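Work through these short exercises with the model open. Try each task before reading its solution.

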Amino acid sequence: MSVKTVVVTGASSGIGHAVAELLAKQGHTVIGVSRRRPKQGFTWQHIPCDLGDKVAINALLSQLPKSVDAIVHAAGIGVGGAVERIDVNAAEHVTDVNLHAVFRLNKGMIDTLSEREQPTIVHIGSLAGIFPIPFQTHYAMSKAALMHYSDALRLELLPLNIRVCTILLGDVKTEFTTARKNYFLNQDERYKERPNRSIEKMARDEAAGMKPENVAKKVASLIKKKRVPSRITLGFTYKLMVFAAKLLPRRLMLYVVYRLYGR
Ligand SMILES: NC(=O)c1ccc[n+]([C@@H]2O[C@H](COP(=O)([O-])OP(=O)(O)OC[C@H]3O[C@@H](n4cnc5c(N)ncnc54)[C@H](OP(=O)(O)O)[C@@H]3O)[C@@H](O)[C@H]2O)c1
């Protein structure tokens, strides 16, 4: 097996942490990035960085070696509530971390990656990028944009042999649920209990979701593969949902999403 050097963002918890742990266990050189230090016992290099901060991202880029073969973008945050009630800065922060940090890191890494033998960029996406989830509007928007960005970047980088992929995930049991910043009013005359109900349902689904280690296995196998698809959905039910979204008339798809998360 060829040993790779892999940058993993979001390495302090959940999916990023599971990816960093597995890759390190497999003998790869891992550089994990997050604001917090990962839990004790990790064996890979950790670089602290706030990906919501442009200056910090530039500092991170200047610390990364020329030997990076792959970058896994697993850092991400959510925000819940009615668009009208969510603090604009909090909404912008979601875009900063979930999107702009990805743009900046990739831009800074493409030159290095182009010199490697089988370079890979993996974006951790979400089914929320396909299904526009109300009361998680900014998050869903960031993931839809990420998917489109990933596909277009893939086409740009085809002749450079840099493989670009988005892994579309449904529910995964991680700290993401508790980290989501929610904006609910105690008594919201306009939206009533809808935002609360919607986010509570999402939180229950996430708590029953797949293990982050399953995502890590997929990432680890992708990095080794000769051919990397543009999009991968994990889990049979989620694959079925993505397929159904392609077949259903948009109006019907939106109605189903409304019934599940909008009422
Ligand atoms: N969990 C799910 O159900 C689910 C479903 C679909 C997609 N996803 C996606 O999967 C990815 C990973 O999420 P997760 O479920 O593993 O959540 P998580 O356990 O909350 O992990 C999120 C990671 O992102 C990092 N992060 C957040 N803000 C950051 C910032 N400003 N600067 C640097 N790092 C930051 C966190 O590290 P620090 O706080 O230490 O900085 C943490 O390591 C996200 O992109 C999420 O959208 C998750």
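**Exercise 1. Find the strands that helix α4 lies across, and its angle to β7.**

Solution. This is a predicted model. Start at helix α4, residues 137-157. The helix lies across β6 and β7. Its direction makes an angle of about 160 degrees with β7. Now look at the two strands beneath the task. β6 and β7 (residues 163-169) are paired in the parallel sense, over seven bridges. One pair to locate is isoleucine 124 with its bridge partner in β7, isoleucine 167.

**Exercise 2. Write down the strand order of the open sheet, then explain which strands stand at the edges.**

Solution. The sheet has seven strands, in the order β3-β2-β1-β4-β6-β7-β9. Their pairing is parallel. Go to the edges: β3 (45-48) and β9 (231-233) stand there. Each has a single partner strand, so one side of each lacks a neighbour in the sheet. From one strand to the next, the twist averages 20 degrees.

**Exercise 3. Decide whether phenylalanine 135 and lysine 192 are buried or exposed.**

Solution. Take phenylalanine 135, in the loop between β6 and α4. Count the other C-beta atoms within 10 Å: there are 27. The cut-off for buried is 20 or more, so phenylalanine 135 is buried. Next, lysine 192 sits in the loop between β8 (181-183) and α6 (194-207). Lysine 192 has 11 C-beta neighbours inside 10 Å. Exposed means 12 or fewer, so lysine 192 counts as exposed.

Now check the backbone. Most residues other than glycine have a negative phi. Phenylalanine 135 has a positive phi of about 70 degrees. For lysine 192, phi is also positive, near 55 degrees.

**Exercise 4. Describe the largest nonpolar core, and list the contacts of valine 72.**

Solution. The largest nonpolar core has 57 residues. Val6, Val8, Val19, Val72 and Val215 have the most contacts inside it. Helix α3 (residues 88-114) gives the largest share of this core, seven residues. For valine 72, set aside neighbours within four places in sequence. Its contacts are then Val6, Val8, Thr9, Val19, Val122 and Val219.

**Exercise 5. Work out which residues come nearest the ligand, and sort its shell by class.**

Solution. There are 31 residues around the ligand. Gly10, Gly14, Arg35, Arg36 and Gly76 come nearest. Elements giving two or more residues to the shell are α1 (14-25), β6 (120-126) and α5 (176-179). The largest share, three residues, comes from α1. By class, the shell holds 14 nonpolar, 11 polar and six charged residues.

Notes
Residues are numbered from 1 along each chain as its sequence is written. This is a predicted model: local features need pLDDT of at least 70, side-chain atom pairs count only at pLDDT 80 or more; totals for chains, interfaces and linings use all residues. A residue is near a molecule or strand if its C-beta atom, placed from the backbone, lies within 6 Å of it. Helices (H or I, at least four residues) and strands (E, at least two) are DSSP runs, numbered from the N terminus. Ala, Val, Leu, Ile, Met, Phe, Trp, Tyr, Cys and Pro count as nonpolar, Asp, Glu, Lys and Arg as charged, and the others, Gly among them, as polar. A nonpolar core is a set of buried Ala, Val, Leu, Ile, Met, Phe, Trp, Tyr and Cys residues joined through C-beta atoms within 7 Å. Two residues are in contact if their C-beta atoms, placed from the backbone, lie within 7 Å. Two strands pair if DSSP finds at least two bridges between them. Axes are lines fitted to C-alpha atoms, for helices over the stretch in contact, and angles run from 0 to 180 degrees between N-to-C directions.
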